[in-house]
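Hi everyone, thanks for coming. Today I'd like to walk you through one structure, so please have it open in front of you.

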Amino acid sequence: MRRLTRALKAFAAPQEPDLILAQARALARQIPLMYIMLVINVLILAGSHYGTAPDYLAVLIPGTLTAVCLIRLVFWWRRRNEMIDADQARRTLGGMLWIAAALSLGFTAWAIALFPYGNSYQQSHIAFFMGITTIGCMFCLMHVRAASLIVAACVLVPFTLFFSTTGEAIFTALSVNMVVVVVALLVILLGNYRDFSSLVASRSAIAQRQIETQRLSDENNRLANVDSLTGLPNRRWFDRHLKARIAALPAGHVAVALIDLDSFKSVNDIFGQITGNRVLTEVARRIETLRRPTTFLARLGGDNFALIMEGPTNEALMQTCGDLLCTAMRSSFDLPGATIHLTISVGFAASTAGDDAEQLFDRADYATSIAKREGRGKAVVFSEQHACEISKVRSIEHALHTADLESEIYILFQPQFDLALKRTTGFEVLARWNSPILGEISPAEFIPLAERTGLICKITETVLRKALAAAKTLPRHVRLSVNLSAHDIGSTTAIRNIVALVEAAGRPCQIDFEITETAVMRDLEQANEALLSLLALGARIALDDFGTGHSSLTHVQKLPLNRIKIDRSFVADVAHDPTSRAIIQTTIDLCHNLGISCVFEGIETETQLGVLRRLGGTVMQGYLFARPMPEAAMASYLTNGRKDWDGAAEPHYGTTG
Ligand code: C2E
Ligand code: MG
Ligand code: MG
């Protein structure tokens, strides 16, 4: 039973789509040949019986069969180069099997019907026609096992039955020959068919693997070039695109805009990362709606987006684009559970002759930093003035690198006056740089630069060494306050060098240190350790520029501070601005509660001094007392400087405060 089912299965069409398609392709090449052979053989056989057999057998039936063959020939000929799918191929093959069976039976019946009308030669011709044509057809159909089997069965069975019963021994022998040959042929054809189908299977497995490899490679490519959150091109893609556009377009025809979300960190901190991600997605959408089709938008990472714009551009056009972007971000982000207000800072730069991608990007980046510095929420276009600033910074940077710090850096001293003690209790040490190449450079310029290039630690050491030498000439109770940068606090080596320098100068220590909040914020633990080792020297620590940074009370509480220096921006407004006064009052109270002292910097008028005195301030520093002075002036200032500071008798804040 199982054998029968297996045998029947051999007649069924295969299920594998690739195999069916391959069979259809092979047939389309071979079947036309088969029909040509069939038609010629039929015509020859009909011709050899013309006149001896009745016309319906010699003309009509072979003519009809030939016509069917020609129709099928045209059908397959047309299919030769046609792209068909597996279903079409399956239908064609199914139909072809029925037609093969019908034609085989038709031709066999016709040939047998001719048999009585011929002499022995003609009868032999019929037997030869049937045998040779069957073998030829089986060869042509070898890629479709079922078709070969059908042809073999439909011809061989009637052939054998008919010829073995003619009573002619020679025809019986011929039918045995035919069975032997067809069976041998079938064995070979079935083996070939197996090879063919396994070749197709392995080819389709390879093709499948190739498709999978391609899919993985496309996916890798996508992951490598696309930002997964917003679906926008990422930094890698942006860099590649920018390089390509600069190379392809003339100068001035490529502009880059760098978009930075202001205070995005606090959105993440306050509302959580999920909301932060939603904001970023919405920002991407808003920019996308403003984007021209030729403009390339990318997310460079974090809260940074970028545009590459093409076509002639100018400052006004870029400014308009920037203003549009800024306005688009100003409307609130209404997200589930949070309504967020955001601003962006945008920097634009257009390509100039000889630019490479990096230079253009750097200029846009510089413009963004200016936008941030100038109050955020605005767009800045890189201009000639910015180019001059950059080249100035570069020349300062170069001069700083080659500077002989020991001879070029000198220090000035600004007194700090204690109203309660009525005397100058210390001086802040302020660095100055006299470059032989560039002349006097303000610390506001060279200190941030030295911080960026890492030279600041060397400058600190130079300043400290000079301050220690100056301290030796001062009375014991007068202290010198040296500014430290974030690099000094963050580096154990720098702190070790500072400690070594102070220790080498001998005791008692007359040095204090000023640090800023940004300096301690980077690594609170390391800052704490650094400050403790400075305190161990007998130095005092002051938190400088209080109120300008993050002004976190946590820092004040967690760090071993001796004093807080209130920034001069509060002092400047103290006489007129109730808010400044309120902040100062709160800070003074905080200092009292923590048992630390409070220093005011930047006092320029008697009025300011008067207000601060009334608010409870004691230690004062500012141009009112003295501008930063050279070392030689300190002794005379200490002896002859004014000591009856008291502030204006009547500060003018009674009505508003
Ligand atoms: P700072 O530490 O807050 O220093 C006070 C600055 O305010 C000094 O500016 C001082 O000259 C100025 N100043 C003092 N009184 C007044 C006043 O009444 N009105 C006005 N308008 N300004 C006043 P300077 O010397 O230009 O220093 C600027 C900044 O440079 C310093 O701010 C400090 O952050 C940094 N700096 C100066 N020297 C050093 C140093 O040796 N090391 C480090 N790391 N930074 C330094
Ligand atoms: Mg200072
Ligand atoms: Mg300060």
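**Around the ligand and its metals**

Let's start with a contact: a polar side-chain atom of D545 lies 3.1 Å from an oxygen atom of ligand 1, where a polar contact is a pair of N or O atoms within 3.5 Å and, within protein, one must be able to donate a hydrogen and the other to accept it, with residues adjacent in sequence counting only if both atoms are side-chain atoms. Before we go on, some housekeeping: this is a predicted model, in which local features need pLDDT of at least 70 and side-chain atom pairs count only at pLDDT 80 or more, while totals for chains, interfaces and linings use all residues. Residues are numbered from 1 along each chain as its sequence is written, chains are lettered from A and ligands numbered from 1 in the order in which they are written, and side-chain values use heavy atoms, with hydrogens and water left out.

N483 also has a polar side-chain atom placed 3.0 Å from an oxygen atom of ligand 1, and for E601 the distance to an oxygen atom of that ligand is 3.5 Å. Taken alone, ligand 1 exposes 790 Å², and the protein buries 84% of that (areas by the Shrake-Rupley method with a 1.4 Å probe; for residues, only the protein chains shown count as cover).

Now the metals. Which residues supply the protein donors of the magnesium ion, ligand 3? They are D544, D545 and E601, with E601 listed twice, lying 2.0 to 2.6 Å from the ion. Donors here are N, O and S atoms within 2.8 Å of the metal (3.2 Å for Na, K and Ca), and since water is not among the atoms, sites may look incomplete.

The other magnesium ion, ligand 2, has E428, N483, E514 and D544 as its protein donors, at 2.1 to 2.2 Å. N483 sits in strand β11 (residues 479-483) and E514 in strand β12 (residues 511-516), so this pair ties together parts that are 31 residues apart in sequence. Strands (E, at least two residues) and helices (H or I, at least four) are DSSP runs, numbered from the N terminus.

Did you spot D544 in both lists? D544 bridges the two magnesium ions, ligand 3 and ligand 2, which lie 3.9 Å apart.Is D544 buried or exposed? D544 is buried, with a relative accessible area of 7%, whereas D545 counts as partly exposed at 26%. Buried means under 20% relative accessible area, exposed over 50%, and partly exposed in between (1.4 Å probe, protein chains only). Among the donors of ligand 2, E514 is buried at 1%, while N483 is partly exposed at 28%.
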